[in-house]
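Student: I should like to learn how aromatic pairs and cavities are read from a set of coordinates. Could we work through one case together?

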Amino acid sequence: MTPVHTPTDILWVLLSACLVVAMQAGFTCVESGLVRAKNSINVAFKNLIDFCISCALFAVLGFGMMFGPSWGGWIGWDPNAIIEKPSNWVMAFFFFQAAFCGTATTIVSGAVAERMRFSAYCATAVLTSLLIYPVSGHWAWGGALDGQVTGWLGKMGFIDFAGSTVVHSVGGWVSLAAILLMGPRVGRFGPGGRAIEGYNIPMATLGVFLLWVSWFGFNGGSTLALDERVPGIIVNTMLAGATGGLAALALAWAMLRRPVVDRTMNGVLAGLVAITANCHVVTAPSALVIGAVGGIVCVLGMSLLDRLKIDDAVGAVPVHLFAGIWGTMAVALFAHDGAWLPGLTRWDLFLVQLTGVLSIGAYAFVASYASFALINLVLRLRVTAAEERIGLNIAEHGAGSSVLDLIVQMNHQAREGDFSRRVDVEPETEAARIAMFYNGVLDKFQVENDRHKMALKKVAHLANYDTLTGLGNRRLCFEAIKRALARSARTGKMAAVFYVDLDNFKGINDRFGHDAGDQVLREVAKRMSRTVRDTDIVARLGGDEFALVLEDLEDAEQTRIVAKKLLAALAEPIALSNGEVLVTASIGMAFVEPGDTEDASAVLQRADHAMYTAKIGGKGAARSHGEGHDDFVPSL
Amino acid sequence: MTPVHTPTDILWVLLSACLVVAMQAGFTCVESGLVRAKNSINVAFKNLIDFCISCALFAVLGFGMMFGPSWGGWIGWDPNAIIEKPSNWVMAFFFFQAAFCGTATTIVSGAVAERMRFSAYCATAVLTSLLIYPVSGHWAWGGALDGQVTGWLGKMGFIDFAGSTVVHSVGGWVSLAAILLMGPRVGRFGPGGRAIEGYNIPMATLGVFLLWVSWFGFNGGSTLALDERVPGIIVNTMLAGATGGLAALALAWAMLRRPVVDRTMNGVLAGLVAITANCHVVTAPSALVIGAVGGIVCVLGMSLLDRLKIDDAVGAVPVHLFAGIWGTMAVALFAHDGAWLPGLTRWDLFLVQLTGVLSIGAYAFVASYASFALINLVLRLRVTAAEERIGLNIAEHGAGSSVLDLIVQMNHQAREGDFSRRVDVEPETEAARIAMFYNGVLDKFQVENDRHKMALKKVAHLANYDTLTGLGNRRLCFEAIKRALARSARTGKMAAVFYVDLDNFKGINDRFGHDAGDQVLREVAKRMSRTVRDTDIVARLGGDEFALVLEDLEDAEQTRIVAKKLLAALAEPIALSNGEVLVTASIGMAFVEPGDTEDASAVLQRADHAMYTAKIGGKGAARSHGEGHDDFVPSL
Amino acid sequence: MTPVHTPTDILWVLLSACLVVAMQAGFTCVESGLVRAKNSINVAFKNLIDFCISCALFAVLGFGMMFGPSWGGWIGWDPNAIIEKPSNWVMAFFFFQAAFCGTATTIVSGAVAERMRFSAYCATAVLTSLLIYPVSGHWAWGGALDGQVTGWLGKMGFIDFAGSTVVHSVGGWVSLAAILLMGPRVGRFGPGGRAIEGYNIPMATLGVFLLWVSWFGFNGGSTLALDERVPGIIVNTMLAGATGGLAALALAWAMLRRPVVDRTMNGVLAGLVAITANCHVVTAPSALVIGAVGGIVCVLGMSLLDRLKIDDAVGAVPVHLFAGIWGTMAVALFAHDGAWLPGLTRWDLFLVQLTGVLSIGAYAFVASYASFALINLVLRLRVTAAEERIGLNIAEHGAGSSVLDLIVQMNHQAREGDFSRRVDVEPETEAARIAMFYNGVLDKFQVENDRHKMALKKVAHLANYDTLTGLGNRRLCFEAIKRALARSARTGKMAAVFYVDLDNFKGINDRFGHDAGDQVLREVAKRMSRTVRDTDIVARLGGDEFALVLEDLEDAEQTRIVAKKLLAALAEPIALSNGEVLVTASIGMAFVEPGDTEDASAVLQRADHAMYTAKIGGKGAARSHGEGHDDFVPSL
């Protein structure tokens, strides 16, 4: 006996279904708001794709399995339900039921968020909307399309008006199976483990409101007609959500000493789940109580999962499973007399409800747990720890990669210590703001760094250079010789060290005073520097002794030329403030051959000896000294 | 005479109520988008909880106060309205009215955002939905449940179709009372004061659209029946919102020289508020005008509040109060003839409307101001300045604490100047990106810092060490002695200073040359370093004079052993490039006792004297010198 | 023959229209989520204002142009349609159609996002809602208000049920014209060009769901009556969206090797667009196919635009234009027999559909392209490159300026290298977190910097100061004299250099030992420092020679006084650890006059000579030496 469906009834079912579809938006907001930013895209995407999957599959198979002619109350079958000239009632009913299937399916995405692979999640959506939901749904609601009761649970008198168990608990059981199998998120429990904060609570709150409004259709439409029960059902729904939130807030405030957002939000949803099974048979005051208890069940459930180290990313299990069980049992506690199958006592009803809760729970949990184990073998349920760490937005969808790029660049720089480069990102992305700042710090750092370097250089100069003449000192000379030795070995070219001693400096000092002496030394230094190439080193060894280090020489002849030029340069009279002096120098030359194994001091000593030889040979001359390189540059 | 309510009427009221509940989502988006991120969770949470509160309270008491049998037109009473077998009409009507109550209540949350305490706000929600809204609502709408007019304002002919005054202005008055009592947000006015930007304008825009759509139910459903006025009401609502936005945009563009977002959004809402009282009795062209004026009133109102230094965080007062007043008065200006109480002239109507605006305004403002003053005594309305600064997300809900943790760590580091540690946060939170960057900068900084330190060390080395031997110089020796004195006083152990003078160094220099002399000095330095413990200091005081500083000695005997080993080590022949020399040394030893009060130079002088004594006693020997420590180590 | 409109029909149209208006919210979410954060406010604002514009204009003119009495099937005219006592049907119809006009108009905002000027976009909205949409809309749907067919395309049998072409393709054509004229965004194509990521994908996903739900009204309401087709239409809409998303996901996954979010989202929307023209005449299985092909068309279309370097910021053209064309043509492929104008074959229908696609396309594209070219002349379509870079939120609306302020400050600091200042922002804004961090880095940096400076100073001290006495060394003395010369030239005041030589120091060294000598030198240094002003420089030139540099002297007399005090101070006996010594000093004074052109060493030499004179004149005295400044301070 199929009931008559007035246009108003159909309109009501269609509109209710629209609201139920809008739950998808609500779940997307709640779930993407309650996870970390790095996984927000992934969870939103899962919400989108699971609805696509469940719609398509429910149309093709699920609807017929759930509402088709029953095989002994266990499963239906009618693949053509919406294909062969369906009536407008069938279509409206299908639309409503498909939206319900979508709800059951999408509940899972929240619980498994932040760690389940996208492909495995797609398989999960297939599983829920094809294997789990239509089957247990048939048990409770089979025959509803035609106003009959064909499912075994339904026949037994099981009352789950809009699906506290059929929809919400089923979603919760599947969630529980998945999170038990996958284990908690990295960093959630164990040493240093902590609660993970949602990144966009206002969006989650928006989601709660969207769900709340949608629930008016979810529960209100489950009459499948615009009958007189509808307003009361909707009011009960509103009130249970309200007291669910208030009770959860109060309890969480008492437990955690402050008003906690996520527990309150989940409390509202738990209140709504709780009223779902019974909203058509309870009074408004009962609804206030049922909702409040739902909120409390949820808060306690969240704490319980925490204690058991079961990681439900958004609290899907406490909200949909725990409060769903409560709501289903509450039918037996709060339903007005006569609201149930004639012949049953309230206690009978209680047992029937319990049977429904347990049988559907057992089926949903076992079937999904087994399926997940299978999926895990084929597809791997969980992302790697590295992927989990970097976040599923990037790891699975390549989204948010501008920030990733930036981080990679920054890490690279830090490793290299390459301080002069700036990180480069697409302008004005999210990353760009950080990059601009980073570069700003680098700029500032660079400026300061440059100052440090200059100051250090200045100080280092003091240690390596002679104050009077500005030439390198003995120390620097040694290092230059060392370098020359190494370089000669490497390049195969000769080098030479000149030891220059002024011949008559003491006399100048005595005659013209210390200051004139200093003037002479400075002038000599200048002339020596001018005579040699820029790359040659001139040093003052102390007193009136100087040294030259010449590298990259082709032959000894080149040295000879330098010596000549030097002698000539020094021979020029030097103007003092109070007169003019003539200075000559004796030069000792030591050659460095590629094969030499001497140390720097030995080379300098050779030059010293050569200088001594030059000096006793008549001053104002240069002389080399060494194996095979005896040479003489006469005085001018 | 109760009107008949067809199923279509009830459906329309239910659906309209669903839309009105959806306003909660709209307000959540608008308000959380228009505040700063640090308060976004708090304001969203307030939006959620005020709806829970107002639903529950309106069910328990408010509905009966507003629509129960009237006590002289001033207040109703019927606590059982929805409890004792209510008809489906009562339930639908209750649902619609509860949603309205929720709207009036939630308006306040925006105005007081960013500074009102959560607990005080909960009290505010109680106040509005229980004390304020149902009372003044009764004046205007009392009797509506039964199609009668029982409120004194209603009886007088006051027309406020969907609540420009009853809902919106009441919310606005309560808001005004609250913000006057609390004062502006820190940094809003006064020196350096500035407008505060919303952190998520797209979300606020979404909220405006949600509100706009919801308003079709808000106004359209206020017919309480699907009568022929509904389409026109909805069109008027659409048009007034549109011209409200356009007029506000134009005016704000003219005033501020650019298209300003928040004023335009508020302009749309103000247009919607303005049409609310009169949408059932005006033509579409009038709606265009009423909306436009509403937008203008809002923009001017926002500027007025700015000038008066009244800080309304989201512009709730201009939108809901000012435009609400305008809309209520516009009834008298634009209503078509015959739309009002027979017997009244249009001018009478104007006065009646004014009476309604003023009486409801006076009641709402005074009652709420007094209540807030009371709440302030009990609960404190406002958070502390510190809490306001840190933001109510963290201060009140502990939310967003990962970023707080980070900041605390960063501040700690900066204070300590501990540069080597990295900040540690939960990976991949919002904070983690900042932290990763921060650590990157630190890494880079560290690398550069290490370089600086090495360079400095090198330079410092030059100042403290002898270039020839690599030993510490006289300066370092002095410091070592100082340290030894201090350490001896602290540990109660002896220390000793050796003054070592080579006996025949000048001769070596003369005979083998300066370079050989250097070689000898280097060899001596090496041998001395090898002889002593790693912690002992060997220094070259200059020329052929060395010093040793030995710390943590048990007794003088230990010193004697060192002296013996040293003499033996130095006595070994030294190989030169051109021969072999024998060097001996005279050693003077000065002991440092825990009680000594000498300065470093006195200790060194004692050692010097002892060395002199040793030298004149025969060279190649060691001798101590000091009170009670005369000792002698003979030459080998 | 106007059809009868039952209340239920009107209710259905009103509710459907509410859903269509809710599309604005969906578009706002999708578009603002798919652009970069810097343009999110701008695009949301455009979505808001284009709806205001199109509502107002459609009311005033557009509605009459589209549905007024036809001028030969080409355009209608009836400016009074909703003004002169419209029936409730007209109002409901207007509401529905105005929402459609708003949809066509707002499509453009996404395509042109991130570069079109706000004012130019306002003009675009005027153009679309006034010039384009009502005209081509009239061709297809003219007469619908009265259940007639008056447009030329409609008369020809063109079937576009809910506007695949009339609404979506028209929006797509206008979008295409705009983006062709404006060119791609900076950085999108060309060297270094890359895809631009949306900043808030969860919000975009929310938008997709909002659109999907709204589409049930968009398509379902296009029956203009709650007839028996409605449920099937809605189911088709749901299914086509689902397979659109699934097909797009699968194709994009295959093409790009990972599940791509934006293509999947657009695939859902494309499926919805595709079913829009034909949802009333196809079966559910056909809907699955049509949707899937729509998703594929969209993904391929996105790749095509990429290849053609046409930059559509959100994929509006592939979604609305390409899938719209597909959906319109699909009517001819999938419609059940008899669904079209009697007398036409299916092939005729195909041609008619093609005619509709091409004619409306040609009109929309050409008219809008021409108009844009005109708008470009008057208003400039595109923001400047600089504005595009900084983002339209800031450039056009001054929004987000707190972050801008911060960046400006940071850049300024970096340029100045002013390291001591902290950036200053309004506390706890988005900018403040970055600023707090930045300041934290600066603090840390400063601490480390200060350490470096101290270390450097210490090292530098070693280079400039005498270790024994702590006085400046010869080097510092030279610099002090140089400074004195420069300062004297600048201030016109005298300076003086004292050359101080202890008279009998060698004797002390010989008699009391080196250490006593050091003690004497330190004491002398102390006394000299005490005698002179803080600003005067005392240096040890070496051995027992000291120098003083006195600046800012009024006359030579002052010098004389200093010399006297100095001689007196030095004449005091000096206590040694082992006795007491008397030390005298000879002082040579050299004056520096403002006009002097000497160098520092000449000045010091003069002082040296003067000292020598003083010494030979009897020691313990001071004597100046120089042109015109001979002076003598006798020994005490």
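Student: How many aromatic pairs are there over all chains?

Tutor: The model is a predicted one, and the count comes to 78 aromatic pairs over all chains. Take A:Phe365 and A:Tyr369: their ring centres lie 5.7 Å apart with the planes at 35°, so this pair is tilted.

Student: Where do A:Phe365 and A:Tyr369 sit in chain A?

Tutor: Both belong to helix H12 (residues 346-379) of chain A; because they are four residues apart there, about one helical turn separates them. A:Phe365 is partly exposed at 21% relative accessibility, and A:Tyr369 is partly exposed as well, with a relative accessible area of 32%.

Student: Which kind of pair do B:Phe100 and B:Trp141 form?

Tutor: That pair is edge-to-face, with 6.0 Å from centre to centre and 65° between the planes. It links distant parts of the chain, 41 residues apart: B:Phe100 lies in helix H3 (residues 88-111) of chain B and B:Trp141 in helix H4 (residues 118-141) of chain B.

Student: Are B:Phe100 and B:Trp141 buried or exposed?

Tutor: Both B:Phe100 and B:Trp141 are buried.

Student: How is empty space found, and what is the volume of the largest cavity?

Tutor: Rolling a probe the size of a water molecule over the atoms reveals where empty space remains. Here the largest cavity holds about 540 Å³. It is lined by 25 residues, and among those closest to its centre are A:Leu19, B:Leu19 and C:Leu19.

Student: How do the residues of this lining divide by character?

Tutor: The lining has 22 nonpolar residues, three polar and no charged.

Methods: Residues are numbered from 1 along each chain as its sequence is written. Chains are lettered from A and ligands numbered from 1 in the order in which they are written. This is a predicted model: local features need pLDDT of at least 70, side-chain atom pairs count only at pLDDT 80 or more; totals for chains, interfaces and linings use all residues. Side-chain values use heavy atoms; hydrogens and water are left out. On a 1 Å grid over the protein atoms alone, a cavity is a set of points where a 1.4 Å probe fits but cannot get out, and a pocket is an open set with protein on both sides within 12 Å along at least five of seven lines; lining residues have an atom within 4 Å of a point. Grid points are joined across faces, edges and corners, and a volume is the space filled by probe spheres set on the points. Ala, Val, Leu, Ile, Met, Phe, Trp, Tyr, Cys and Pro count as nonpolar, Asp, Glu, Lys and Arg as charged, and the others, Gly among them, as polar. Rings of Phe, Tyr and Trp (its six-membered ring) pair if their centres lie within 6.5 Å; planes under 30 degrees apart count as stacked, over 60 as edge-to-face and the rest as tilted. Helices (H or I, at least four residues) and strands (E, at least two) are DSSP runs, numbered from the N terminus. Buried means under 20% relative accessible area, exposed over 50%, partly exposed in between (1.4 Å probe, protein chains only).
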